[in-house]
Amino acid sequence: MGIIEKLRLDGKTAFVTGGARGIGKSVATAFCEAGADVAIVDIDLDEAEKTAAALAAGTGARTLAVRADVTDPADVDAMMASILARYGKLDVAFCNAGICRNIPAEEMSYEQWRSVVDVNLTGVFLTAQAAGRQMLRQGGGSIINTASMSAHIVNVPQPQCSYNASKAGVIQLTKSLAVEWAARNVRVNCISPGYIGTELTLNSPTLVPLIEQWNAVAPLHRMGKPEELQAICVYLAGDSSAFTTGADFVIDGAFTCI
Ligand code: NAD
């Protein structure tokens, strides 16, 4: 079998959190195009249903839309129950849902801090834990978490301490789970994207005025596109990455190199 065939995900089932839009939707599209059946998990059920329907129509994949708040353990349990009821197994998890708040540290309330850490770090833990439990029972699987280049650098001028700290936590969580589960064939990796044009960045009133500034210093002089994260996630999801676990892939157009 050639490398392109080996990269395919035929027969695999996946879930993607934050799958209704942005990076999650793009990676869910790639999983479907590569042959997987994909559950689109999001707090926004309407949009998740639209994405799931469009992917089923466009790729022929058996999709499922699931409403879940990744910060709520009961929602995450219900999410896994619906996925197993539909597919009977889980091979790939993309734990990707995240939010960002740009608030100076000295002005941030406890609730504002908690909301970011809850979604970005606890939400990744809860969904990766649920996926891992099932994959350990099955004898294997691949988990991909979304960190950020903000786990590596403190980019200015926007104040994002809760975001930066939560994303740094995702990397160390990824490595910890990878080590705990490696011998049982459950792999855990993460991606650290740079600035990507999605609603998170393009719809944020605090970030939009900064885009020209970022592009001026970015080595490629542009933001990334969600589809530029697809191939790495398909690779990590599939069996050709069997020796890749505990890794963090920085895909930022060299932004963190400057
Ligand atoms: P987005 O805002 O376009 O999409 C995020 C999705 O997550 C939305 O559909 C939203 O409804 C869902 N979501 C939010 N909170 C949720 C919750 N509690 N439970 C379930 N779903 C929830 O964002 P995006 O740009 O696609 O970002 C996806 C991930 O990539 C995030 O973790 C983000 O931090 C990370 N990231 C984004 C960029 C970027 O520049 N866009 C860069 C680095 C990392």
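Let me start with valine 38, which touches Ala14, Val16, Ala28, Phe31, Cys32, Leu55, Ala61 and Thr63 when residues up to four places away in sequence are left out; here two residues are in contact if their C-beta atoms, placed from the backbone, lie within 7 Å. Before going on, I should say that this is a predicted model, in which local features need pLDDT of at least 70 and side-chain atom pairs count only at pLDDT 80 or more, while totals for chains, interfaces and linings use all residues. Residues are numbered from 1 along each chain as its sequence is written.

Valine 38 also appears in the largest nonpolar core, which has 67 residues, and Val38 is listed there with Ala14, Phe31, Ile40, Ala93 and Cys233 as touching the most other members. H5 gives the most to this core, with nine residues. By a nonpolar core I mean a set of buried Ala, Val, Leu, Ile, Met, Phe, Trp, Tyr and Cys residues joined through C-beta atoms within 7 Å. A residue is buried if 20 or more other C-beta atoms lie within 10 Å of its own, exposed if 12 or fewer, and partly exposed in between, with the C-beta atoms placed from the backbone.

Turning to the whole protein chain, its secondary structure comes to nine helices and seven strands, where helices (H or I, at least four residues) and strands (E, at least two) are DSSP runs numbered from the N terminus. Buried residues make up 46% of the 258 residues, and among contacts between residues at least 6 apart in sequence, 73% join residues at least 24 apart. The C-alpha trace spans about 45 × 40 × 40 Å along its principal axes.

Which strand is largely enclosed by the rest of the structure? That is strand E5, residues 141-146, because six of its six residues are buried. On one side we find Gly141, Ile143 and Asn145, and on the other Ser142, Ile144 and Thr146, so that both faces are covered by the definition of burial I gave. In a regular strand the side chains alternate between the two faces of the sheet. Strand E4, residues 92-95, runs parallel to E5 and is joined to it by four bridges, two strands being paired if DSSP finds at least two bridges between them. Within this pairing, cysteine 95 has asparagine 145 in E5 as its bridge partner.

From E5 we can step to serine 241, which sits in the loop between helix H9 (230-237) and strand E7 (248-251). Serine 241 and serine 142 are 99 residues apart in sequence, yet 9.3 Å apart in space, C-alpha to C-alpha. Serine 241 counts as partly exposed because it has 19 C-beta neighbours inside 10 Å.

Now the ligand: of the 30 residues around it, Gly18, Gly22, Gly98, Thr198 and Leu200 come nearest; a residue is near a molecule if its C-beta atom, placed from the backbone, lies within 6 Å of it. Helix H2 (22-33), helix H5 (110-138) and helix H7 (199-202) each supply at least two residues of this shell.

Finally, some backbone details. A cis peptide bond, with omega about 10°, joins valine 156 and proline 157, and proline 157 lies in the loop between E5 and helix H6 (161-181). Asparagine 185, although not a glycine, has a positive phi of about 70°, and is found in the loop between H6 and strand E6 (186-193).
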